[in-house]
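Colleague: I am new to this structure. Please take one helix and walk me through what it touches.

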Amino acid sequence: MNPTASPATASPPAYPLFPKSEPARAAVRVRHDDLLDFVAAVFTTRGLAPERAREAAGALCYGDLVGMSSHGLVNLARLYLPLFDEGRVDPLAEPRVLADLGAAVLLDANRALGLWAAGLAMEIAAARAATYGVGLVSVREGTHLGCAGHHALRAVGHGMVGVVASNCGRQRIARPPGGAVAMLGTNPISVAAPAGEHPPFVLDMSTTAAPTGRVRQAARQGAELPEGVLAGDDGAPVTDAAAFDEGRAHLLWLGGAAGQYKGFGLGLAVEVLAALVPGAGLGAHPDAYDGDGGPNGRDDDIGFFALALAPGALREGVDGDAATLFGALLGCPPTDPALPVRYPGWHEHRRAEKRRRAGVPLGADLYAELTSLAAATGLDAPAPVVER
């Protein structure tokens with residue numbers, strides 16, 4: 001039996017505790033290339049150079065391609081275009097090298113769009129790793145980078161291991177355990193690695209119990225959250241997703257009540273790597289003391305951490321060992337034959353393969369939003385795939 005083959009029954013969703021990867025009220029499927037063309041064209045209307053616009057489109061559409069729709073096209077009009085319109089992103093920005101030690105580079109992104117600038121950072125890191133075995137690019141003055149996993153995967157394209165982390169600049173979303181005010185962002189981290197003939201390993205996670213995008217997605221869909229994601233000021237669990245933006249609940253760390261210090265510690269580690277090292281905006285700062293317990297501050301001056309490792313430069317046999325490692329996991333005897341063992345990145349890879357063939361599903365509301373945006377910018381909306 002091929003351990004990477006899809007089971008006869010439906011595979012579990014990538015995020016079983018949250019809205020499923022298939023959008024609610026899925027109205028249409030759109031070719032992935034058509035989505036890339038459209039989003040790139042939208043970004044060029046805001047002054048971004050075509051090549052950079054295409055890179056940014058790939059990073060944004062990655063969310064819908066792999067099933068992380070809360071981090072995909074839904075954020076085009078809600079997050080990214082307002083950054084341009086408010087002057088918080090500079091479409092003409094040229095990142096500037098502030099320090100270069102060969103294997104380590106400090107980069108000032110100059111408010112470039114993070115969707116492409118984070119990819120640039122990883123490409124530089126991979127180029128240095130090809131020479132030194134390791135490459136680190138530390139970035140300040142960044143903006144939102146989208147799914148960290150997309151950028152970590154760029155290292156895999158070079159046969160390397162990629163690590164990407166990002167803080168939220170000066171935006172505070174989560175409270176430290178025992179704290180009355182928010183001090184840190186959701187602080188995502190991703191690790192990606194080749195897996196031989198198997199789908200790449202891609203861990204892509206926030207250090208809070210959920211990213212804010214997924215909480216808001218649940219609120220839009222009218223779905224309840226599981227206990228352990230939100231809590232009220234009295235510590236009682238809150239399952240109403242709308243309570244977060246209404247100020248009736250705050251976001252918790254990974255690990256729940258018993259393990260919250262692990263999630264908080266990971267979030268703080270990201271703050272060290274992504275903000276303290278490059279000198280980016282700090283979430284944990286005395287400025288946060290005046291907060292009311294809810295999210296505060298603006299997500300400006302975001303810091304990135306892009307690391308590429310080339311283990312093949314150190315020893316032979318890495319590729320074979322990677323195939324053994326991940327193949328062994330796929331072959332692990334399951335407790336339920338209908339639910340075989342999988343690792344992070346497997347479901348996303350298979351879902352992306354399917355959606356490249358059949359089209360990317362978009363919810364009715366999102367497709368209507370893209371159609372309206374097309375009309376407002378003088379562009380043609382991406383056409384639905386015609387079912388045959």
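Modeller: One definition comes before the helix. Angles under 35 degrees count as roughly parallel, over 145 as roughly antiparallel, 65 to 115 as roughly perpendicular, and the rest as oblique. Bear in mind that this is a predicted model.

Now take helix α1, residues 32–45. Its axis comes within 11 Å of the axis of helix α10, residues 364–377. The two axes cross at roughly 45°. α1 and α10 are therefore oblique to each other. The crossing of α1 past α10 is left-handed.

Next, the residues at that crossing. From α1 come Leu35, Phe38, Val42 and Thr45. They meet Leu370, Leu373, Ala374 and Thr377 of α10. Sorted by class, this contact of α1 with α10 has six nonpolar residues and two polar ones. No charged residue takes part in it.

Helix α1 also has an aromatic link to another helix. The structure holds four aromatic pairs. One of them is formed by Phe43 and Phe84. Their ring centres are 6.0 Å apart. The ring planes stand at 40°, so the pair is tilted. Planes under 30 degrees apart would count as stacked, and over 60 as edge-to-face. Phe43 lies in α1, while Phe84 lies in helix α3, residues 74–85. The pair therefore ties together parts that are 41 residues apart in sequence.

To recap, α1 meets α10 through residues such as Leu35 and Phe38, and Phe43 of α1 pairs with Phe84 of α3.

Terms used. Residues numbered from 1 in each chain as written. Predicted model: local features only at pLDDT ≥ 70, side-chain atom pairs only at ≥ 80, totals over all residues. Heavy atoms only, no water. Axes fitted to C-alpha atoms, helices over the stretch in contact; angles between N-to-C directions. Helix = DSSP H or I, 4+ residues; strand = E, 2+ residues; numbered from the N terminus. Left-handed = near helix turned anticlockwise from the far one by under 90°. Contact = heavy atoms within 4.5 Å. Nonpolar A, V, L, I, M, F, W, Y, C, P; charged D, E, K, R; others polar. Phe/Tyr/Trp six-rings, centres within 6.5 Å; stacked < 30°, edge-to-face > 60°.
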